[in-house]
Amino acid sequence: MPPTPTLRSLLARRRNATVEEVRETLHRFRSLVEQNDRVLELIADAGEKLGGEYVFDSKYLQDLAGALRDAAHSVVTTLNAISNDRYPELLDALAAIDESVKAALECRLAVPDSPYVLPLSEVGLPNLEAVGAKMARLGEVRSRLGCSVPEGFVVTTHACRDFLRSAGLLEAVEILGRRFAEGRDGLEVETARIHQGILEASIPRKLARAIRRAVARLVKPGEKDLLLAIRSSGVEEDGELSFAGQYESVLGVSVDDVCSAWQRVVASMYTPGVLDYLRQYHAPPGCGFMAVGVLRMVPVRASGVVYSLDPNAPENDVLVVSAALGLGKLVVEGGAPVDRLEISRDPGHEVVSRRLARKEHMFVAVPGRGAVVETVPESERLEPAVAPWELAELADTACRIEQYMKSAQDIEWAIDHAGRLYILQARPLRVTAPMKPPERNLSEVVGRYPVLMREKGEVACRGIGAGPVRIVADPEELPQRLAPGAVIVARAATPRLGGLLAGASAVITDLGNATGHFATVARELRVPTVVGAESATQTLVEGMEVTVDAEDNVVYGGRVEALLRYQLFERSSFADAAEFRILRRMLRRIAPLGLRDPTSPAFAANRCATYHDIIRFAHEKAIAELTEIGWVSTPSGVPWVRRLDLPIPLDLVLIDLGGGFRVEAGTTTVTVADLTSRPLLPVIEELTLGGAWETAPADMDLEGFMSSATRSMPLTGGLTGRPEQNLAIVSKEYLHLSLRLGYHFNIVDTHLGDTPADNYIYFRFVGGVTEITRRSRRAMLLKRILESHGFVAEGRGDLVVGRVKSLDADAMVHRLRMVGRLIGFTRQLDIHLRSDHLVDEYVARFLNGEAASPKV
């Protein structure tokens, strides 16, 4: 069977286009939408599985990978069929994602094609597989929370892989991984051979040059004797597994010795101790290549470790601080007594208990010698290593990191001689308390707090968060950064909010659903989220302190500490199972959404890094293809093509996919009474009978006239010189409406059935007769009206796109009537929008049911 001609090819040969070809193209588009929704449902289900309430096995993981692969491939194949193979690079991106997910399933690392060296300023959790977990978390607390961290860079896993290949060790590493997975014993000899081979190999010149140049950038003008810390950063390190003390880190490294120290750290991945650790947790060696952080050493006065929760007695509600003078080796290696303090988690962070050690020795960094032991002066031996105000700052920072990372934290820190606090490492804290977590029944405690919202909307990501409310009224004008711990309250669950989620304690939106793009981003970042709450932006007030319980879907006034503590105690008994770890790794390749702004130049096929990116890109481009439906020949005698007889001057051709309208023999037109398409009928009724269609000519001023006179071609004219058609492609439950009215172009694509999950409306509007300022005002007006009716709307310039989905039939009819009225109301409105204040006036007129008659 020959391939179906595309919409673009139909335009190129308009005179030969047939209705059957257009019908087939629309069927393909419907298939793409269904598979797009299938991917979102699978991602949502996988995110729920990680909540700990569902038990799953390796069969589920294999089925998930297969179902996602099949649905994503169907989306890409269908898009290329619609677009005449315009996006071949999407197949390459899809193949890379397939391999990455397969690698996660098999506990292999699909090494990202990243530079050999990345500055710490560009590092965060999104590129964890390039920079390792330790450096990814350090970069994250730097960029997201504004914490001070040492300057430095990361030598990536890509560099490690290429080094092992050049050394002839890559195959040996892969064989070791396979044999380990098979449960073979006696692998210590092979491990030792790889370890020694790494130490003896020559570093490729290209890699060595990249490292030396990055080191040179760390040297300040006139600086001598720069000392560096070379720190391991395995992909699994400080994540699901801590690898604490397993890999080597080298302190006090001179500029000339960085490359050899890097080799030592990489070689530490292959030692008998690491092999035993991996056996204990059933994780294969080489699951990730080693990334390595190269950091300036802080000229420390004191350093140590802070636990954001006491792992042995979490019910005490304190932070535990271990502190020593000089470098923190005494704390992490346990070589001598150190100060131990307990600090209240409550704001103010008072010291609850203090045990000061007699400090005989301390480690310091010495040029040419690394970390060496020095004697502490007698007068300082009984003095506290850290002052009270420094402890308060340390406690506050630890709580902020805990809230951001959504779990109790084990944090390494240092304070320099000027009193500046640096974070050196942050990883999840393993709570080993013998007590069970408190029961979820906290009704007596929470009963003391007012309930502001209960069971409004649906939970998109489970969890509990608290903080001050931050109302985000317009996602087009997002703040660059929110105060850490804020509760975001927004009208719409738009993906544009995704950039703010990482620092939020919780999110509530009036609109949205749990299978949308935004909900997927929230689950990816583990931010407690409730969507579709309807009136959160009216109920909650800017700055008020609230607690969002996205376990039971309740919002309380005030900060309910008992609930927050419960969340820290709570840990699924299955969370450390191998299947959970594999699913987490898989979701890093599946769920993150990087392509959030369709109007950005970065919204490109070659930027798709996950299945979520693939379907987002494909859906937007498929819609764009539908905008190019032009002239379709309408042969006489064909029962599924008719013109619609309307009481307004709108020439509308109907193409029936099945069940869209009734036809009487011998007729060439149909009337509104003949329509059986559920979504078309309310649009047409409101457009024609609601008084929205302005029949009076627009009163154009000179500026608007000159703008229209300089427009190159109206959107209602094609290359052939004949007017473009207005098309409605319909079935009983589907409508694709394409309107070219003067210089603007309007699309409505919608499905209306009895199953809410299948229902949606896509609205797109662009263009106008006047200059860009007035056209942009009309776009802003459209955006505001759509949002007031529950749409997630985005706009740039004179373009506005709105979406709403998962509504019941009555709600769909209500919104489709609104859309019909909106089409007529805004038809010539850009001519009248001569100033910004008129946008408010015409929005009010529409919402009040008034006509868009020109103001006198």
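**Confidence.** I looked up confidence in this predicted model. The chain averages a pLDDT of 82. I found that 84% of the residues score at least 70. Next I asked which elements hold the extremes. Helix H1, residues 7-12, has the lowest confidence, with a mean of 40. Strand S2, residues 152-155, has the highest, at 97.

**Low stretches.** I then checked two stretches. Residues 1-17 have a pLDDT below 50. That stretch still makes 40 contacts in the model beyond near neighbours in sequence. Residues 704-723 also fall below 50. For residues 704-723 I noted 42 contacts beyond near neighbours in sequence. Where pLDDT is low, predicted coordinates should not be read in detail. I therefore leave the fine detail of such places alone.

**Overall make-up.** I looked up the secondary structure next. The chain has 26 helices and 30 strands. It holds 856 residues, and 56% of them count as buried. I also looked at contacts with a separation of 6 or more. Of these, 67% join residues 24 or more positions apart. The accessible surface comes to about 35500 Å². Carbon and sulfur atoms supply 51% of that surface.

**Helix H20.** I picked one helix for a length check. H20 covers residues 611-626, which makes 16 residues. How far apart should its ends be? At 1.5 Å a residue, H20 should span 22 Å. The end C-alpha atoms lie 23 Å apart, so the model agrees with the expected span. I also asked whether H20 is mostly covered or open. It is mostly covered, with 14 of its 16 residues buried.

Technical notes
Residues are numbered from 1 along each chain as its sequence is written. This is a predicted model: local features need pLDDT of at least 70, side-chain atom pairs count only at pLDDT 80 or more; totals for chains, interfaces and linings use all residues. Side-chain values use heavy atoms; hydrogens and water are left out. pLDDT is the predictor's confidence in each residue, from 0 to 100. Helices (H or I, at least four residues) and strands (E, at least two) are DSSP runs, numbered from the N terminus. Contact means heavy atoms within 4.5 Å. The expected span of a helix is 1.5 Å times one less than its number of residues. Buried means under 20% relative accessible area, exposed over 50%, partly exposed in between (1.4 Å probe, protein chains only). Accessible areas come from the Shrake-Rupley method with a 1.4 Å probe; for residues, only the protein chains shown count as cover.
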